Amino acid sequence: MSFISEFKEFAVKGNVMDMAVGVIIGAAFGKIVNSAVNDLVMPVVGKLVGGVDFSNLYVNLGEGTFASLAEAEKAGAPLIKYGVFINTALDFVIVAFAIFMAIKAINKLKREAPPEPEAPKADPEDIVLLREIRDSLKRN
């Protein structure tokens with residue numbers, strides 16, 4: 001089998017195509033979750049902890065002081081951006097939970113009904129005839 005035909009066989013398998021669709025949908029889903037975290041969840045959490053904007057939390061490891069994270073990054077200062085890490089960690093938790101719930105729902109839909117018990121098979125014709133003969137001899 002040539003390399004190209006082997007690759008073609010691999011690429012057109014159902015699982016590979018399903019995976020490709022999953023990756024594309026996952027990327028779009030990631031953008032939605034990122035927006036939900038940054039635009040909906042983190043402002044509420046920030047408000048609850050005293051009006052803190054987590055995306056601007058950082059520790060400057062270099063010299064000087066900066067008014068914002070953007071200024072510190074522009075100056076090229078070495079930074080520990082723990083606010084961005086908090087946002088990313090929350091993104092992960094929300095994505096993991098959403099995927100868990102989606103898989104749980106899909107598995108619930110996929111569960112097959114238990115198989116119905118099979119009807120007893122009809123006896124072979126010779127057995128039926130032998131029983132008829134036996135029953136007829138008992139009657140006589």
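**A predicted chain of helices and strands**

The chain contains 5 helices and 2 strands, and the model that shows them is a predicted one. Followed along the sequence, these elements come in the order α-α-β-α-β-α-α. The radius of gyration of the chain is 33 Å, well over the 14 Å that the globule rule gives for 140 residues, so the chain is more spread out than a compact globule.

The dimensions of the C-alpha trace can be read beside that value: along its principal axes the trace spans about 115 × 55 × 20 Å. Of the 140 residues, 11% count as buried, a class that takes in residues with under 20% relative accessible area. The accessible surface of the chain comes to about 11800 Å², and carbon and sulfur atoms account for 66% of that area. As for contacts between residues at least 6 apart in sequence, 39% of them join residues that are at least 24 apart.

Helix 4, which covers residues 82-110, offers a closer view of one element. This helix has 29 residues and reaches 41 Å from its first C-alpha to its last, close to the 42 Å expected at 1.5 Å a residue. The buried residues of helix 4 are Gly 83, Asn 87 and Asp 91.

Charge can be considered for the chain as a whole, where 15 side chains are positive and 17 are negative. The centres of these two sets of side chains lie 4 Å apart, in a chain whose C-alpha trace spans about 115 × 55 × 20 Å along its principal axes.

Notes:
Residues numbered from 1 in each chain as written. Predicted model: local features only at pLDDT ≥ 70, side-chain atom pairs only at ≥ 80, totals over all residues. Heavy atoms only, no water. Helix = DSSP H or I, 4+ residues; strand = E, 2+ residues; numbered from the N terminus. Rg over C-alpha atoms; globule rule 2.2 N^0.38 Å. Buried < 20%, exposed > 50% of the residue type's maximum accessible area, 1.4 Å probe, protein only. Contact = heavy atoms within 4.5 Å. Areas by Shrake-Rupley, 256 points an atom, 1.4 Å probe, with all protein chains shown as cover. Lys, Arg positive; Asp, Glu negative; His and termini not counted. Charge placed at Lys NZ, Arg CZ, Asp CG, Glu CD. Expected span 1.5 Å × (residues − 1).
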